[in-house]
Amino acid sequence: MRAMALKGLRGECMKKTKIEWCDMTWNPVTGCLHGCKYCYARRIAERFGLDFAPKLGDPGMEGAKKYDSEAGIDTMLELEKPFKKNGRIQPYPFGFQPTLHKYHLDQPAKVKTGKLIFVGSMTDLFGEWVPDEWIREVFEACDRAPWHTYMFLTKNPNRYIELAKKDLLPRQHWYGYSATRQDQLWHFHHAADCPCINLFVSIEPILEFMVTPFSTHLPAGWVIMGAETGSRKNKVVPEKRWIQEIAETCEWCGIPVFMKESLQPIMGEEGMKRQFPLKMTVRKFQEVAYKSGVTTEQAFESLAKASERREENA
């Protein structure tokens, strides 16, 4: 984690990541107001942020401004260019206060090969305090680099509905929501009410036994599971049966499951599942095929044979 954060100190907003279910993270917005006790992003921002809060108008803060939020929050900030201290770009100059880093909006277009990109690992882009304008700017940046697959995650999935009603929610991206407890699962009266074609659920950290009756009323195209990490007092360690209940339900419903490494000590390697949605997998094959000048089927066969060789040599 320290190596990842140190890269951020050199100003790399979009970088490879240790998050197992994506290739890269991209953080044009940082900061969050949820106040979760187990938040890893806040720990990173506080550890590698400044020991003082720069003021608007200070040297190096040219172009920085407060955003007048309709929610009445006076700590929304926008940066036109990075803030530097001792010649180094500071990724979190305002700590964990919500901040739009406009100079990061061109990052996806600079990566020319298609990646699975988790957008907003250091924020909740769909928190109720985030203005539509910020979200629109992020989506427009995605549109300028459509060869990537973009994944979003929120604790406020009803914002997806609000944006869809305003015709501001692109349909091609993957939209996830966090559910650490049973009462946080997102239900619908009708499947048509769900605004997301590509919807996934992140059950991380698992904090209790959950019954997940996935159906048209509780849709999911992918489920990610993980345990709480870190050394927080009273940290919840999930029971094996909690994980098995969700995995078995997903298998019955034909929903791919991705178990993070934090579950390996509980499940054992033989019990781990690391599955991806077919749509994501096919897109990878299509990219390989395009670069190699072969068909998608040939690319699939080539990758399958390479995987078999790795297993034989392991």
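Reader: How many of the 6 residues of strand β12 are buried?
Author: Happy to start there, with the reminder that this is a predicted model. Asn198, Phe200 and Ser202 point one way from β12, Leu199, Val201 and Ile203 point the other way, and all are buried. That leaves β12 mostly covered, and its buried residues number 6 of 6.

Reader: In what order do the 8 strands of the open sheet stand?
Author: Strands of a sheet pair through backbone hydrogen bonds, and the pairing can be parallel or antiparallel. Here the pairing is mixed, and the sheet is an open one of 8 strands. Going across, the order is β1-β2-β9-β10-β11-β12-β13-β14.

Reader: Which strands are the edge strands?
Author: Look for the strands at the two ends of the order β1-β2-β9-β10-β11-β12-β13-β14. An edge strand here pairs on one side only. The two that do this are β1 (14-16) and β14 (257-259).

Reader: What is the average twist from one strand to the next?
Author: Try following the open sheet strand by strand, in the order β1-β2-β9-β10-β11-β12-β13-β14. From one strand to the next, the twist averages 25°.

Reader: Which residue in β13 is the bridge partner of serine 202?
Author: Strand β12 covers residues 198-203 and strand β13 covers residues 223-225. The two pair in the parallel sense over 3 bridges. One bridge partnership joins isoleucine 203 to methionine 225 in β13. For serine 202, the partner in β13 is isoleucine 224.

Reader: What angle does the direction of helix α6 make with that of β13?
Author: Helix α6 spans residues 240-253 and packs on the sheet, where it touches β12, β13 and β14. Its direction and that of β13 make an angle of about 165°.

Reader: Which residue in β12 stands opposite tyrosine 175?
Author: Now look at the pairing of β12 with β11, where the two strands run parallel and 5 bridges join them. Opposite tyrosine 175, in β12, you will find leucine 199.

Reader: How many residues apart are tryptophan 26 and tyrosine 150?
Author: A search of the whole structure finds 17 aromatic pairs. Tryptophan 26 and tyrosine 150 form one that is tilted, with 6.3 Å centre to centre and 55° between the planes. Tryptophan 26 lies in strand β2 (residues 24-26) and tyrosine 150 in strand β10 (residues 149-154), so the pair links distant parts of the chain, and the separation is 124 residues.

Reader: Why does tyrosine 150 count as buried, and what is its relative accessible area?
Author: The cut-off settles this: buried means under 20% relative accessible area. Its ring partner tryptophan 26 is buried, with a value of 0%. Tyrosine 150 also counts as buried because its relative accessible area is 1%.

Reader: Why is the pair of phenylalanine 126 and phenylalanine 139 called stacked, edge-to-face or tilted, and which of these is it?
Author: A pair of aromatic rings is described by the distance of the centres and the angle of the planes. Planes under 30 degrees apart count as stacked, over 60 as edge-to-face, and the rest as tilted. The centres of phenylalanine 126 and phenylalanine 139 are 6.3 Å apart and their planes lie at 40°, so the pair is tilted.

Reader: Where is phenylalanine 139?
Author: Phenylalanine 126 sits in the loop between β9 (116-119) and α4 (132-143). Its ring partner is 13 residues apart from it along the chain, in helix α4.

Reader: Within what arc do the buried residues of α5 fall?
Author: The buried residues of helix α5 (residues 158-165) are Arg159, Tyr160 and Leu163. Seen down the helix axis, they line one face, because they fall within an arc of 105°.

Reader: What is included in the cover over the buried residues of α5?
Author: Tyr160 is one of the buried residues of α5, and ring pairs link Tyr160 into a cluster with Phe126, Phe139, Phe152, Tyr175, Tyr177 and Trp186. What covers the buried residues of the helix includes α4, β10 and β11 (174-178).

Reader: What distance separates the C-alpha atoms of threonine 25 and glycine 120?
Author: Threonine 25 has its place in strand β2, and it is buried, with a relative accessible area of 3%. Along the chain, threonine 25 and glycine 120 are 95 residues apart. In space, their C-alpha atoms are separated by 7.2 Å.

Definitions and conventions: Residues numbered from 1 in each chain as written. Predicted model: local features only at pLDDT ≥ 70, side-chain atom pairs only at ≥ 80, totals over all residues. Heavy atoms only, no water. Pairing = 2+ DSSP bridges. Helix = DSSP H or I, 4+ residues; strand = E, 2+ residues; numbered from the N terminus. Axes fitted to C-alpha atoms, helices over the stretch in contact; angles between N-to-C directions. Contact = heavy atoms within 4.5 Å. Phe/Tyr/Trp six-rings, centres within 6.5 Å; stacked < 30°, edge-to-face > 60°. Buried < 20%, exposed > 50% of the residue type's maximum accessible area, 1.4 Å probe, protein only. Arc of directions from axis to C-beta.
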